[in-house]
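Subject: Structure for your review

Dear colleague,

Please find below the structure that I am handing over to you. I would be grateful if you could read the notes beneath it with the structure open.

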Amino acid sequence: NEAKQGGGISVEEFSSPTIESCVVEYNEAPSGAGIFIRNQSDATILYCTVKNNIINAAYGNGGGICVTGSSTTISGCEISNNISLGYGGGISYLNNSSGTLSSSRINENIASGSNSLGGGISVNGSTPLIEYCLIAGNSASGAWADGGGVDCTASPSATFDHCTIVDNSSNGTAGGMFFQYGADPVIQNSM
């Protein structure tokens, strides 16, 4: 599937679906190639696989999932092998987004554009709680790309609890986690 936002699924304008036990795969879009969530939408995503989705526009965000101005509950999911040309190869949180990402695997995602941020996860001025997650094998591979596993830009920022962040790589700064421009994440009980 291909669209201008949300190649697989787009959730917009105060919507609150529950998406459970689904596979979201082989989609393309300029933002949120797999799933795009915006404008005060409170989506719940449970036990889903979001993989092999591709951003098809320069500086596009959220190869797997893009959350902007919304709160989401994501649990028991695999977010893998997605490609972004901007922020968040796996998932990006933008514009005061919040919610919980728990008990999920974010692995083998790529932020491949120049100046890309967060191969696995990018958090920009947002406050998700990310807990009990494996963030592994992701890369920020573009020229001057930073934060192979995780990027946090600006405040407010994310909380990471009981996460394993391992075997990520960056072509620029920080293979594991990268913080910039006043980011103030909380990291606890993680390695």
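The notes below go from the whole chain to one of its sheets and then to individual residues.

Please bear in mind throughout that this is a predicted model.

**The chain as a whole**

The chain holds 26 strands and 0 helices. Its C-alpha trace spans about 35 × 30 × 25 Å along the principal axes. Of the 191 residues, 51% are buried. Contacts across the sequence were also examined: taking those between residues at least 6 apart, 84% join residues at least 24 apart. The exposed surface of the chain comes to about 7400 Å², and 46% of this is supplied by carbon and sulfur atoms. As to charge, the chain has 4 positive and 15 negative charges, and the mean positions of the two groups lie 8 Å apart.

**A parallel sheet of seven strands**

An open sheet is formed by 7 strands, in the order β1-β5-β9-β13-β17-β21-β25, with parallel pairing. At its edges are β1 (9–11) and β25 (177–180), each of which pairs on one side only. On average, neighbouring strands of this sheet are turned by 5° against each other, direction ignored.

Several of the pairings can be followed in detail. Strand β1 is joined to β5 (residues 35–38) by 3 bridges, and V11 stands opposite I37 of β5. From β5, 4 bridges lead to β9 (residues 65–68), again in parallel; here I37 has V67 of β9 as its bridge partner. I37 therefore has a partner in each direction, because V11 stands opposite I37 and V67 is its bridge partner in β9.Further along the sheet, strands β13 (residues 91–94) and β17 (residues 121–124) run parallel and are joined by 4 bridges, with Y93 opposite V123 of β17.

**Two buried residues**

V50 lies in strand β7 (residues 49–51). Its relative accessible area is 0%, so V50 is buried. Leaving out residues up to four places away in sequence, V50 touches V24, I35, G64, I65, E78, I79, S80 and N82. The C-alpha atom of V50 is separated by 8.7 Å from that of G90, a residue 40 places away along the chain.

S157 is found in the loop between β21 (150–153) and β22 (159–161). With a relative accessibility of 9%, S157 also counts as buried. Apart from neighbours within four places in sequence, its contacts are S126, T127, C152, A183, D184 and P185.

**Backbone features in the loops**

The loop between β21 and β22 also contains P156. The peptide bond that joins S155 and P156 is cis, with omega of about 5°.

Two residues other than glycine have a positive phi. For Y132 the value is about 55°; Y132 sits in the loop between β18 (129–131) and β19 (134–136) and is partly exposed, at 47% relative accessible area. For A174, phi is near 65°. A174 belongs to the loop between β24 (169–170) and β25, and its relative accessibility of 23% makes it partly exposed.

With kind regards

Terms used:
Residues numbered from 1 in each chain as written. Predicted model: local features only at pLDDT ≥ 70, side-chain atom pairs only at ≥ 80, totals over all residues. Heavy atoms only, no water. Buried < 20%, exposed > 50% of the residue type's maximum accessible area, 1.4 Å probe, protein only. Contact = heavy atoms within 4.5 Å. Areas by Shrake-Rupley, 256 points an atom, 1.4 Å probe, with all protein chains shown as cover. Lys, Arg positive; Asp, Glu negative; His and termini not counted. Charge placed at Lys NZ, Arg CZ, Asp CG, Glu CD. Pairing = 2+ DSSP bridges. Axes fitted to C-alpha atoms, helices over the stretch in contact; angles between N-to-C directions.
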